[in-house]
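Colleague: I'd like to learn how to read a model like this one. Could you walk me through it?

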2 protein chains.
Amino acid sequence: MDANAKITVLKRSNLFGGLPPETLEAGAEAAKERKLDKGDALFQQGDDATTHYIVASGRLRLDQATPDGKNVVLRFMGPGDLVGSVAVMRDIPYPATPIAADETRVLSWTQARMMDLMQAHPALAMKAINMMGGRIEELQERLQQVATQQVERRIAATVLKIVGQSGRKTEAGVEIPFPLSRQDLAEMTGTTLHTVSRTLSAWIEEGIIEGRRSSHIVIKRPHRLVEISEQA
Amino acid sequence: MDANAKITVLKRSNLFGGLPPETLEAGAEAAKERKLDKGDALFQQGDDATTHYIVASGRLRLDQATPDGKNVVLRFMGPGDLVGSVAVMRDIPYPATPIAADETRVLSWTQARMMDLMQAHPALAMKAINMMGGRIEELQERLQQVATQQVERRIAATVLKIVGQSGRKTEAGVEIPFPLSRQDLAEMTGTTLHTVSRTLSAWIEEGIIEGRRSSHIVIKRPHRLVEISEQA
DNA sequence: CAAAATGTTTGCGTTACCGCAAATCGTTCG
DNA sequence: CGAACGATTTGCGGTAACGCAAACATTTTG
């Protein structure tokens with residue numbers, strides 16, 4: 001990946017987006033690159049947090065293992081999203097494991113380099129605060145959903161959020177452009193694989209989503225999903 | 001409240017804690033004070049976020065109303081805790097309403113004053129990042145709990161967290177020094193008033209908590225609660 | 001291309017928890 | 001102090017969702 005491609009990625013990111021060209025150039029220059037195959041972990045939950053990452057292409061699933069052996073998917077991350085920074089800045093071990101849901105490229109900065117960048121470009125710190133605020137909002141919304149809504153609503157809301165972040169229009173409807181398993185959805189919504197499967201089967205029956213078993217989910221009637229996600 | 005008392009409060013806070021005396025003095029000087037009676041709201045969810053607050057004494061309950069009329073308790077806040085800052089810094093409306101669970105005093109800063117302080121004392125920005133990181137961690141933990149654990153475990157974990165933050169030793173055990181209703185606990189754990197009541201009744205039966213109906217919960221056997229919160 | 005591994009569907013019995021309702025307790029206030 | 005209000009308890013029936021299990025489909029691999 002050349003310097004220009006890196007800068008393009010940085011422009012899309014929460015951390016560098018909207019900052020002046022010289023900041024982008026400094027950021028791109030300090031960045032290393034890494035490629036992950038599907039299924040590879042970027043780092044492990046519990047590792048010492050030493051490095052900031054930004055997704056350049058592909059998709060990461062952020063998994064948190066619970067003490068009693070279960071697993072929760074905290075979120076999916078695509079191009080421009082930051083990974084690891086919260087743990088690095090707080091100086092705590094990474095609290096979750098990011099796994100490539102597809103072939104994925106990331107840019108990385110050591111904490112030392114990032115601190116240099118932040119010192120030289122103070123706007124970065126404000127962007128970091130903004131990014132973390134967004135994360136807090138999102139978590140509060142999900143907590144509220146899991147705490148108060150029924151499973152079908154939560155699944156609908158989760159699918160819609162992913163569509164909003166990553167959906168691509170096709171002839172048949174909107175497609176989620178990376179493999180998203182029923183297990184993934186279950187671990188995002190706090191339910192079981194089985195319940196997700198039953199729910200999606202009903203949606204296929206109703207013509208809301210595509211029945212073809214390709215690994216990519218296609219939503220044919222997004223508006224119906226909105227109704228479900230808002231149903232009392 | 002005099003300048004010294006304010007400084008003492010700031011020392012306990014996530015934002016000013018550990019910073020040099022001149023920063024504390026500058027912060028205390030710029031702060032206004034406000035008193036809330038039990039039940040008063042500091043501001044309303046949806047209001048324009050203009051002001052940062054730190055709790056000086058007492059206790060606030062942070063309520064988030066859902067679109068469909070339900071309510072979620074995001075957290076309780078005591079002396080030293082920051083309120084409103086995330087919304088102010090992101091320039092979005094306050095996402096929740098803080099209500100005094102008891103008589104409560106807060107210190108406040110307008111956004112302009114706080115920005116001046118941050119400019120003059122850059123360590124404040126790093127502290128803000130740290131504070132927000134802590135919030136993210138806590139939310140992720142609660143999400144994980146609501147998503148994977150049964151109700152009794154969640155209630156136990158929630159009570160223990162509150163005890164850890166605010167518990168006071170008494171002859172009978174550890175006391176939660178502010179009124180905490182079954183409804184509050186239900187809205188913190190994503191269950192109903194009824195289920196919380198049944199659960200606490202069983203705990204009283206087992207001698208884990210005090211049966212006397214005073215408005216303050218007393219935990220007689222904290223260790224048993226830990227067991228419950230960890231039970232497979 | 002067969003075989004193995006992985007992911008999905010579906011049936012069925014069970015249960016944790018909800019939701020309603022009514023009784024009881026405790027507190028506030030005229 | 002008694003009445004009225006709010007909070008809590010408890011019973012009971014219902015159900016959403018789980019958990020197990022077995023069949024089926026799809027993808028990967030040698």
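Modeller: Gladly. Let's begin with a single contact: a backbone N or O atom of Val151(A) lies 2.7 Å from a phosphate oxygen of DNA strand D. A polar contact here is a pair of N or O atoms within 3.5 Å; within protein, one must be able to donate a hydrogen and the other to accept it, and residues adjacent in sequence count only if both atoms are side-chain atoms. This is a predicted model, where local features need pLDDT of at least 70 and side-chain atom pairs count only at pLDDT 80 or more, while totals for chains, interfaces and linings use all residues. Residues are numbered from 1 along each chain as its sequence is written, chains are lettered from A and ligands numbered from 1 in the order in which they are written, and side-chain values use heavy atoms, leaving out hydrogens and water.

Colleague: Which atom of DNA strand D does the polar side-chain atom of His194(B) approach?

Modeller: A base oxygen, at 3.2 Å. For Thr192(A), a polar side-chain atom lies 3.3 Å from a phosphate oxygen of the strand.

Colleague: How many residues surround DNA strand D?

Modeller: A residue is near a strand if one of its heavy atoms lies within 4 Å of it. Here 16 residues surround DNA strand D, and the closest are Val151(A), Thr191(A), Thr195(A), Arg198(A) and Ser197(B). Sugar and phosphate make up 69% of the strand's atoms that come within 4 Å of the protein.

Colleague: Which helix gives the largest share of that surface?

Modeller: Helices (H or I, at least four residues) are DSSP runs, numbered from the N terminus. The largest share, 4 residues, comes from α8(B). Both α8 (193-205) of chain A and α8 (193-205) of chain B supply at least two residues each.

Colleague: How are two packed helices described?

Modeller: By the angle between their axes and the distance between the axes. Axes are lines fitted to C-alpha atoms, for helices over the stretch in contact, with angles from 0 to 180 degrees between N-to-C directions. Helix α6 (residues 151-166) and helix α7 (residues 182-189) of chain A have axes that come within 10 Å and cross at roughly 110°. α6(A) and α7(A) are therefore roughly perpendicular (65 to 115 degrees).

Colleague: Which residues meet there?

Modeller: With contact meaning heavy atoms within 4.5 Å, Arg154(A), Ile155(A), Thr158(A), Val159(A) and Ile162(A) in α6(A) meet Leu185(A), Met188(A) and Thr189(A) in α7(A).

Key:
Angles under 35 degrees count as roughly parallel, over 145 as roughly antiparallel, 65 to 115 as roughly perpendicular and the rest as oblique.
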